[in-house]
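Q: Please take a close look at one part of this model, the buried aromatic pair and what surrounds it. Then relate that part to the rest of the chain.

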Amino acid sequence: MPEAFLLDAVRTPVGRRGGALSGWHPADLAAHIIQAVVSRAGVDPDLVDDVILGCTDTLGPQSGNIARTAWLAAGYPDHVPGVTVDRQCGSSQQAVHFAAQAVLSGTQDLVLAGGVQNMSRIPISAAMLAGREYGFDDPFSGSKGWQERYGSVEVSQFRSADMIAEHWDITREAMETYALRSHQRALEAIDTGRFTAEIAPLDDFSIDEGPRRDTSLERMQGLKPLSEGSRLTAAVASQISDGASAALIASESFVRDHGLTPRARIHHISVRAADPVWMLTGPIPATAHALKKTGLTVDDIDLFEVNEAFASVVLAWLDETGANPHRVNVNGGGIALGHPIGATGTKLLATLLHELERRNGRYGLQTMCEGGGTANVTIIERL
């Protein structure tokens, strides 16, 4: 059987909204990380078959196929194409899947996959808000098929996260305890240098800005709910952030012919979906599907990266899968480190790869909830 190998994965430090990366043009952010992963992997950019980048809200500086723009902004050959992918929060994880599928099909040998998002300059849901100028309040109103199937109920990540908390009986206190642990784990990772190898600094910016040393349960308890009756506060949600990340996926023949040493094998890729109104429950059936497909169990997985869109998402996933919480998001997650939507997929992949190596683990599983109810699962095997 053909194989797809992970040569390297790298990310920028994540900037908080209005922080160190807020003034960067998204194409330059992505170009920086493209240069970093190509250089670290020791490959000739002339040999890259395609560039696939995740990005959402592709307006202004993120429009016009930013994958192509970023590659050219990096100074690399103009014969290499690029394409931009939007699977919402899973965009760059899907970019990795597309890259692996191209390699596994034998149609391409070396593909750069990654993502970029500057949420400071282009706010979340900017594309949806821009539609109002043309008479569309949201993506669903006016669709006869959607209205017949789902009615006019509110479709939002906040409502979904609250619905999950209620359905799984996850209290505000449980979510705040989880959020505090995310910050504590992230700060420990920063202080012990665990992120150093996976980060490509920009000028003198080299440390994630999101984790808060002064946070506490007492401070979280003083925050107002996001809406009346909600169990959610800003403390239990992922942070709005800026960043970029990238990975290189290569075929077995490319690795052999160029004398390269891959760091991991792509063991499994899949994507599943759940109810789009519930939206954020997708990782639960997606994980079950991936484990069944591979014949693995949760106990076979050494490390999990489950994107912390909201604390309730991860806590419900833990409840349903029975995964060991000590193997999940061991270096913190989006609540502490931020969630630059288009870049988070390969950001998590970089963290997963480096932590597997640090712990001498074998299998790592990554999954994340995505708008529309979808969820990607990637399983890598360290080599």
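A: Start with tryptophan 317. Its relative accessibility is 0%, so this residue counts as buried, the cut-off being under 20%. This is a predicted model, and the values that follow are computed from it.

The partner of tryptophan 317 is phenylalanine 304. The two ring centres are 5.3 Å apart and the planes stand at 70°, so the pair is edge-to-face. An angle over 60 degrees is what that class requires. Phenylalanine 304 belongs to strand 8, residues 303–306, while tryptophan 317 belongs to helix 11, residues 311–321. The pair therefore ties together parts that are 13 residues apart in sequence. Phenylalanine 304 is buried too, at a relative accessible area of 1%.

Now widen the view to the core. The largest nonpolar core has 43 residues. Both rings of the pair are among its residues with the most contacts inside it: Met175, Leu280, Phe304, Phe310, Trp317 and Val328. Several elements each supply at least two residues of this core. The helices among them are helix 6 (157–167), helix 7 (172–191), helix 10 (283–294) and helix 11. The strands are strand 8, strand 9 (363–369) and strand 10 (374–382). Helix 11 gives the largest share, seven residues.

Next to the core comes a void. The structure holds one cavity of 30 Å³ or more. The largest cavity encloses about 30 Å³ of space. Trp317 is one of its lining residues, along with Ile164, Leu280, Thr281, Pro283, Ile284, Val313 and Ala316. Leu280 thus appears in this lining and also in the list of core residues with the most contacts. Helix 10 and helix 11 each supply at least two residues of the cavity lining. Helix 11 again has the largest share, here three residues. By class, the lining has seven nonpolar residues, one polar and no charged.

What about other rings? The whole structure holds five aromatic pairs. In one of them, tryptophan 146 and tyrosine 150 have ring centres 4.5 Å apart and planes at 45°, so this pair is tilted. Both residues lie in helix 5, residues 144–150. They are four residues apart, about one turn of the helix. Tryptophan 146 is buried, with a relative accessible area of 18%. Ring pairs also bring in Phe140, which joins Trp146 and Tyr150 in a cluster.

One ring meets a charge instead. The charged end of arginine 11 sits over the ring of phenylalanine 195, 4.9 Å from the ring centre.

A further contact in space involves alanine 200 and proline 13. Their C-alpha atoms are 7.2 Å apart, yet 187 residues separate them in sequence. Alanine 200 is found in the loop between helix 7 and helix 8 (217–221). At 4% relative accessibility, alanine 200 counts as buried.

Set against that the separation of proline 77 and alanine 130. They are 53 residues apart along the chain, and their C-alpha atoms are separated by 34 Å. Proline 77 is in the loop between helix 2 (66–73) and strand 4 (82–85). Its relative accessible area is 21%, so proline 77 is partly exposed.

Turn next to an open site. The second largest pocket holds about 180 Å³ of space. Its lining is made of Met1, Pro2, Glu3, Leu104, Arg265, Ile266, His267, His268 and Ile269. Strand 7 (residues 264–273) contributes the largest share of that lining, five residues. The lining divides into five nonpolar, two polar and two charged residues.

Two loop residues close the tour. Glutamine 88 is not a glycine, but has a positive phi of about 55°. This residue is in the loop between strand 4 and helix 3 (91–105). At 35% relative accessibility, glutamine 88 counts as partly exposed. Serine 125 also has a positive phi, near 70°, in a residue other than glycine. Serine 125 is in the loop between strand 5 (110–118) and helix 4 (126–130). Its relative accessibility is 29%, so serine 125 counts as partly exposed.

Back to the starting point. Tryptophan 317 is buried at 0%. Its ring pairs edge-to-face with phenylalanine 304. It is among the core residues with the most contacts, and it lines the largest cavity.

How values were computed
Residues are numbered from 1 along each chain as its sequence is written. This is a predicted model: local features need pLDDT of at least 70, side-chain atom pairs count only at pLDDT 80 or more; totals for chains, interfaces and linings use all residues. Side-chain values use heavy atoms; hydrogens and water are left out. Rings of Phe, Tyr and Trp (its six-membered ring) pair if their centres lie within 6.5 Å; planes under 30 degrees apart count as stacked, over 60 as edge-to-face and the rest as tilted. Buried means under 20% relative accessible area, exposed over 50%, partly exposed in between (1.4 Å probe, protein chains only). A charge sits over a ring if NZ of Lys or CZ of Arg is within 6 Å of the ring centre and within 35 degrees of the ring normal. On a 1 Å grid over the protein atoms alone, a cavity is a set of points where a 1.4 Å probe fits but cannot get out, and a pocket is an open set with protein on both sides within 12 Å along at least five of seven lines; lining residues have an atom within 4 Å of a point. Grid points are joined across faces, edges and corners, and a volume is the space filled by probe spheres set on the points. Ala, Val, Leu, Ile, Met, Phe, Trp, Tyr, Cys and Pro count as nonpolar, Asp, Glu, Lys and Arg as charged, and the others, Gly among them, as polar. A nonpolar core is a set of buried Ala, Val, Leu, Ile, Met, Phe, Trp, Tyr and Cys residues joined through side-chain atoms within 4.5 Å.
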